[in-house]
Amino acid sequence: MSNLDTHLWWQKDIVYQIYPRSYKDNDGDGIGDLPGIMEKLDYIKELGVKVIWISPIYPSPMADFGYDVSDYTEIHPMFGTMEDFVRLLEEIHQRDMKLILDFVPNHSSSEHPWFLESRKSKDNPKRDWYIWKDPKPDGSEPNNWLSVFGGSGWEFDEKTGQYYYHAFLKEQPDLNWRNPEVQEAMLNNMRFWLDKGVDGFRVDVMWHMIKDDQFRDNPPNPDYTENMSPYDKHLQAYTTDQPEVHEIVNKMRKVMDDYDERVMIGEIYLPVERLVKYYGENNEGTHLPFNFQLVLLPWKAREIEAAINKYEGVLPANGWPNWVLGNHDNARVASRVGREQAKNAVMLLLTLRGTPTMYYGDEIGMENVFIPHDKVQDPQEKNIPGKGLNRDPERTPMQWNDLENAGFTNGEPWLPLMDNFKEVNVKNQEENPKSMLNFQKRLIRLRNSEPALHVGEYVPVSSAGNLLSYIRKYSDKEFLVVLNLGNSEETMDPDISGYRALVKISNYPEIENREISGKFSIKPNQGLIAELK
Ligand code: NOJ
Ligand code: MG
């Protein structure tokens, strides 16, 4: 790449999410830990991803598996010690890689010392650190706000006769970000990790952080149907995406900007027009508001094409795009799009313009794992059973080899393993040149070595039916991407006069290194990346 290129690491490199409970267990308690991650750093480096994001590793009663933090500046003993953490960070940096931590500012655990104080009395100095309200005259909840995890968002506290608000579990009371003391305490928690050298944060539910100060009722959702989560009965008009949230995001960003080249990624589920507001005016907001469209849209070429173009269109000047293919809250991509489309999905993720986020295990094509009723762990499934909201299926242990428990643990794994781990595992796939793992490694290498693919322009190419096509270009290099998102043969006729292109990579390896030109046919589920001559 030319020295003139000014793109930063978080724009060029691939983010790899680790769900720490399920990556590698080192101490035999059946739960993944930091020493386990340490053992696998060379594997991650070899994969070619350079940025690791680890879901919460802080002390927590684990009501929501770490998203209920009881100490923002310590490590949960289950995951290891602060020394383990410091060593892990050093080892990551030694490999020229980066580490992003999860930061959970919207709510703490109900066991956090702040909340224990807050609930003691109405005049406790920490009372206003959380959101407390009097009951209505009849004793009922202050308003109709619901919890994402089922039931009312208000929990009555006998001792002081008031309700507190929790957007998630009652064990996750929402912090009151309108209170300047809360702001300062939480910004200091960010500084604590930045001072240790952490390269950035993925900020949990950023769009939830401020609620309506008049506590108005949310309106009913006219599109609600019985098969949805009860939370969807309302439009979240007064509980999320409030205008004042941007002031908070700006303050968080200022903290980041006091350090060199750190990144802040916001977890935000909103329609793109509202999502891109989180870049902030003049890019003073979050560096990357997570773009979940590939997770949420039906796997249909025309819909995805329209979404890409719309997103490109609404991005603010200098707003850097990003794409996510999977995470610990959504079905595994191989299960969502089907095994036949799994390679196309990753070709799409890694060739769209913007920072890609991959989810651990997707590199070997892990699928949703069936969780029998008595093994369910996810509080969302426990509270709202039978609506397909269980997140355990995408959180199962990483499949390292064909030995006991797939090499994940010597103990009893906290969630069941996928039945087929004897076939689908890292060791097998490393040995098989045609495996998903080796395909993804080659793809990542191609992306990392070609500026066109990691920082180049995006140019749509018109296509029809199930085909999705575009060009990525940087200086005098251009790559044509063609993906057949359907299972019938299609004809591609790029509107590029007299072009010739060399196929660099395809899920049909027999066409690699072949030349294409003019009109050509694309097999069912076929995808390719070709360099234009
Ligand atoms: C979003 C996280 O990704 C999810 O796992 C968690 O349950 C909620 N936020 C609440 O923190
Ligand atoms: Mg362990």
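In what order do the eight strands of the open sheet with parallel pairing stand? I opened my notebook with this question, keeping in mind that the model is a predicted one.

**Entry 1, the sheet of eight strands.** I traced the open sheet strand by strand and wrote down the order β9-β8-β7-β3-β2-β1-β11-β10, with parallel pairing. I then noted that β9 (288-289) and β10 stand at the edges with a single partner strand each, so one side of each has no neighbour in the sheet. Elsewhere in this sheet I looked up strand β7 (residues 200-203) and strand β8 (residues 263-266), which pair in the parallel sense over four bridges, and I found that V203 has G266 in β8 as its bridge partner.

**Entry 2, strand β11 and its two partners.** I turned next to β11 and asked myself whether its residues are buried or exposed. Five of the five residues of strand β11 (residues 355-359) are buried, so the rest of the structure largely encloses this strand. I checked the two faces separately and found both covered, with T355, T357 and Y359 buried on one side and P356 and M358 buried on the other. With strand β1 (residues 15-18), β11 forms a parallel pair over three bridges, and here Y16 stands opposite M358 of β11. Strand β10 (residues 322-324) also runs parallel to β11 and is joined to it by three bridges, with V324 having T357 in β11 as its bridge partner.

**Entry 3, the sheet of three strands.** I also looked up an open sheet of three strands, whose order is β4-β6-β5 and whose pairing is antiparallel. In this sheet β4 (132-133) and β5 (154-157) stand at the edges, and because each has a single partner strand, one side of each is left without a neighbour in the sheet. I followed β5 to strand β6 (residues 162-165), and these two pair in the antiparallel sense over four bridges, with W154 standing opposite Y165 in β6.

**Entry 4, the magnesium ion.** Which residues coordinate the magnesium ion (ligand 2)? I listed D25, D27, D29 and D33, each through OD, together with I31 through its O atom, at 2.2 to 2.3 Å. Along the chain, these donors follow the spacing D-x1-D-x1-D-x1-I-x1-D. I compared the accessibility of two of the donor residues and wrote that D25 counts as buried because its relative accessibility is 3%, under the 20% cut-off. D27, on the other hand, has 48% relative accessibility and therefore counts as partly exposed.

**Entry 5, the surroundings of ligand 1.** I found 14 residues around ligand 1, of which D64, H107, D204, H328 and D329 come nearest. Sorting the residues of this shell by character, I got four nonpolar, three polar and seven charged. I then looked for polar side-chain atoms by the oxygen atoms of the ligand: an N or O atom in the side chain of H107 is 2.9 Å from an oxygen atom of ligand 1, a polar side-chain atom of H328 is 2.8 Å from one, and a polar side-chain atom of R391 is 2.9 Å from one. On its own ligand 1 has 290 Å² of accessible area, and the protein covers 97% of that.

**Entry 6, two buried loop residues.** I located N327 in the loop between β10 and α11 (333-337), and I recorded that N327 counts as buried because its relative accessibility is 4%. The side chain of N327 makes a polar contact with the side chain of Y269 at 3.4 Å, and the side chain of N327 also reaches the backbone nitrogen of D329 at 2.9 Å. I found D378 in the loop between β11 and α13 (379-383), where D378 counts as buried at 0% relative accessibility.

**Entry 7, two residues with positive phi.** I wrote down that D96 has a phi near 65°, a positive value in a residue other than glycine. D96 belongs to the loop between α4 (82-94) and β3 (98-103), and with a relative accessible area of 60% D96 is exposed. N318 is not a glycine either, and I noted its positive phi of about 70°. I placed N318 in the loop between α10 (301-314) and β10, and at 72% relative accessibility N318 counts as exposed.

Conventions: Residues are numbered from 1 along each chain as its sequence is written. Chains are lettered from A and ligands numbered from 1 in the order in which they are written. This is a predicted model: local features need pLDDT of at least 70, side-chain atom pairs count only at pLDDT 80 or more; totals for chains, interfaces and linings use all residues. Side-chain values use heavy atoms; hydrogens and water are left out. A residue is near a molecule or strand if one of its heavy atoms lies within 4 Å of it. A polar contact is a pair of N or O atoms within 3.5 Å; within protein, one must be able to donate a hydrogen and the other to accept it, and residues adjacent in sequence count only if both atoms are side-chain atoms. Accessible areas come from the Shrake-Rupley method with a 1.4 Å probe; for residues, only the protein chains shown count as cover. Ala, Val, Leu, Ile, Met, Phe, Trp, Tyr, Cys and Pro count as nonpolar, Asp, Glu, Lys and Arg as charged, and the others, Gly among them, as polar. Donors are N, O and S atoms within 2.8 Å of the metal (3.2 Å for Na, K and Ca); water is not among the atoms, so sites may look incomplete. Buried means under 20% relative accessible area, exposed over 50%, partly exposed in between (1.4 Å probe, protein chains only). Two strands pair if DSSP finds at least two bridges between them.
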